[in-house]
Amino acid sequence: MLKIGCHLSASKGYLHMGKEALSIGANTFQFFTRNPRGGAAKDIDEKDVAAFRAFAEENGIGVILAHAPYTLNGCSADPAIREFATRTMADDLRRMEYTPGNLYNFHPGSHVKQGTAAGIDMIAEMLNSILWQDMTTTVLLETMAGKGSEVGGSFEELREIIDRVALQDKLGVCLDTCHVSDAGYDIVNDLDGVLTRFDKVVGLERIRAVHINDSKNPLGSRKDRHEKIGLGTIGTGAIVRLMTHPALRDKPFYLETPNELDGYAREIALLKEKWS
Ligand code: FE
Ligand code: FE
Ligand code: ZN
C-alpha cells in the first residue's frame, strides 16, 4: 500500500493532524516540532498524544515524520549557534519518545566559509552528543540542494557524516526530489543511475522517507524552490516513476509542495491513482 502524506501544521496537536491527514486521503504526515524559525516548543500534551496514538492505530496511520526547525545550524562558525541547534534537537528527540518509533528529519547545516570538511565534523559531533542507545526515533539527514554553503548536497557528504557517528543504526536519510534535482542528480532521465549511485555511496536501506516536490528550477540549479507536482522541471511522470521504483515504493512519501489542504488532497489523489 502506498504510504503518502504531506506537511501539516502542528499548532492544534497530534490528534488534529491525524484527523486532518485522514480527511485529505493521507495515511501519514510531516510536521514541524516547533516554530520552523526556532523558538520554544509547546509542552507535550500527554492526553493528546494518547488520543493520537489510539486514532493512528485504528485508522492505519503509519510512521510519522517530524521536521526540525530549518534555521538550526549545527555547523555554524558561531559556537552559540551550534550549541542552540544541539540543545533544540536534543529536546526534540526527548519529546519524540512520547510517540515512539517515528522519524526526525533535519537539514545538516551550512558551513559558511569554514569548508565542507569542517562542517561535516561539526554535524557529526553534534549527532554524537545527542543520540543515545535506547532511543526509538530514527534521525534522518535530508539530501540538500547545495544552495550556498549547505552541507549534504552530495551523497558523499551524507556518507561522510554517517561515517563519523558512533550510533549509526539511529541514522537514516530523507531523499528530497526537488533538492536532489537542484543538486544535479538527474532523476528525470537517469533515475536508475542516481539510485545506483546512492546505493554505492550511502546504501539504499538508509532511505527512510522521501520528500515529494517538483522544482521551480532546472537540474543542478542549487536553488531549492519547491513547485506543485506537475508544474515544475521534474514533472508528474518522473515523480511517479520514482515513487513506484522497486527501491523506493515501500518508503513513506511526504509532499512539501506550495499548497493549502485542498491542493494537497488533489495531489494525493492524483499520486494514489497513478501509483496503483
Ligand atoms: Fe526539509
Ligand atoms: Fe524537503
Ligand atoms: Zn526544500
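**Exercise 1. Find the loop that holds Asn 73, then work out whether Asn 73 is buried or exposed and what surrounds it.**

*Solution.*
Step 1: Look between β3 and α3 (79-96) in this predicted model; the loop there contains Asn 73.
Step 2: Check the accessibility. Buried means under 20% relative accessible area. Asn 73 has 12%, so Asn 73 is buried.
Step 3: Follow the side chain. The side chain of Asn 73 comes to 2.9 Å from the backbone oxygen of Ser 110.
Step 4: List the neighbours. Leaving out residues up to four places away in sequence, Asn 73 touches Ile 81, Arg 82, Ala 85, Gly 109 and Ser 110.

**Exercise 2. Work out which residues hold the iron ion (ligand 1) and where His 67 and Glu 142 sit in the chain.**

*Solution.*
Step 1: Name the protein donors. They are His 67 (NE2), His 107 (NE2) and Glu 142 (OE), at 2.1 to 2.2 Å from the iron ion (ligand 1).
Step 2: Read their spacing along the sequence, which is H-x39-H-x34-E.
Step 3: Place two of them. His 67 belongs to strand β3 (residues 65-67) and Glu 142 to strand β6 (residues 138-142), 75 residues apart, so this pair links distant parts of the chain.
Step 4: Check their surroundings: both His 67 and Glu 142 are buried.

**Exercise 3. Identify the residue that bridges the two iron ions, then describe the arrangement around the iron ion (ligand 2).**

*Solution.*
Step 1: Find the bridge. Glu 142 coordinates both iron ions, which are 3.4 Å apart.
Step 2: Collect the protein donors of the iron ion (ligand 2): Glu 142 (OE), Asp 176 (OD), His 211 (ND1) and Glu 256 (OE), at 2.0 to 2.2 Å.
Step 3: Judge the geometry. Four donors count as tetrahedral if all angles lie between 85 and 135 degrees. Here the 4 donor atoms subtend angles of 83 to 170°, so the arrangement is irregular.
Step 4: Locate one pair of donors. His 211 is in strand β9 (residues 207-212), while Glu 256 is in the loop between β12 (252-255) and α9 (261-275), 45 residues apart.
Step 5: Compare each value with the cut-off for buried, under 20%. His 211, at 0% relative accessibility, is buried. Glu 256, at 14%, is buried too.

**Exercise 4. Show how the buried residues of helix α2 are arranged around its axis, and what covers them.**

*Solution.*
Step 1: Get to know the helix. α2 (residues 46-59) has 14 residues and reaches 20 Å from its first C-alpha to its last, close to the 20 Å expected.
Step 2: List its buried residues: Asp 48, Val 49, Phe 52, Phe 55 and Ala 56.
Step 3: Look down the axis. These buried residues fall within an arc of 130°, so they line one face of α2. A general rule helps here: an α-helix has 3.6 residues a turn, so residues three or four places apart point the same way.
Step 4: Turn to the face away from the buried side, where the exposed residues Glu 46, Lys 47, Glu 57 and Glu 58 are found.
Step 5: See what lies over the buried residues; the cover includes α1 (14-23) and β2 (28-32).
Step 6: Inspect the ends. Asp 45 caps the N-terminal end, with a side-chain oxygen 3.1 Å from the backbone nitrogen of Lys 47. Just after α2, Gly 60 takes a positive phi of about 65°.

Terms used. Residues are numbered from 1 along each chain as its sequence is written. Chains are lettered from A and ligands numbered from 1 in the order in which they are written. This is a predicted model: local features need pLDDT of at least 70, side-chain atom pairs count only at pLDDT 80 or more; totals for chains, interfaces and linings use all residues. Side-chain values use heavy atoms; hydrogens and water are left out. Donors are N, O and S atoms within 2.8 Å of the metal (3.2 Å for Na, K and Ca); water is not among the atoms, so sites may look incomplete. Four donors count as tetrahedral if all angles lie between 85 and 135 degrees; four count as square planar and six as octahedral if opposite donors are over 155 degrees apart and all others between 65 and 115; anything else is irregular. Helices (H or I, at least four residues) and strands (E, at least two) are DSSP runs, numbered from the N terminus. Buried means under 20% relative accessible area, exposed over 50%, partly exposed in between (1.4 Å probe, protein chains only). The expected span of a helix is 1.5 Å times one less than its number of residues. The arc is that of the directions from the helix axis to the C-beta atoms. Contact means heavy atoms within 4.5 Å. A polar contact is a pair of N or O atoms within 3.5 Å; within protein, one must be able to donate a hydrogen and the other to accept it, and residues adjacent in sequence count only if both atoms are side-chain atoms.
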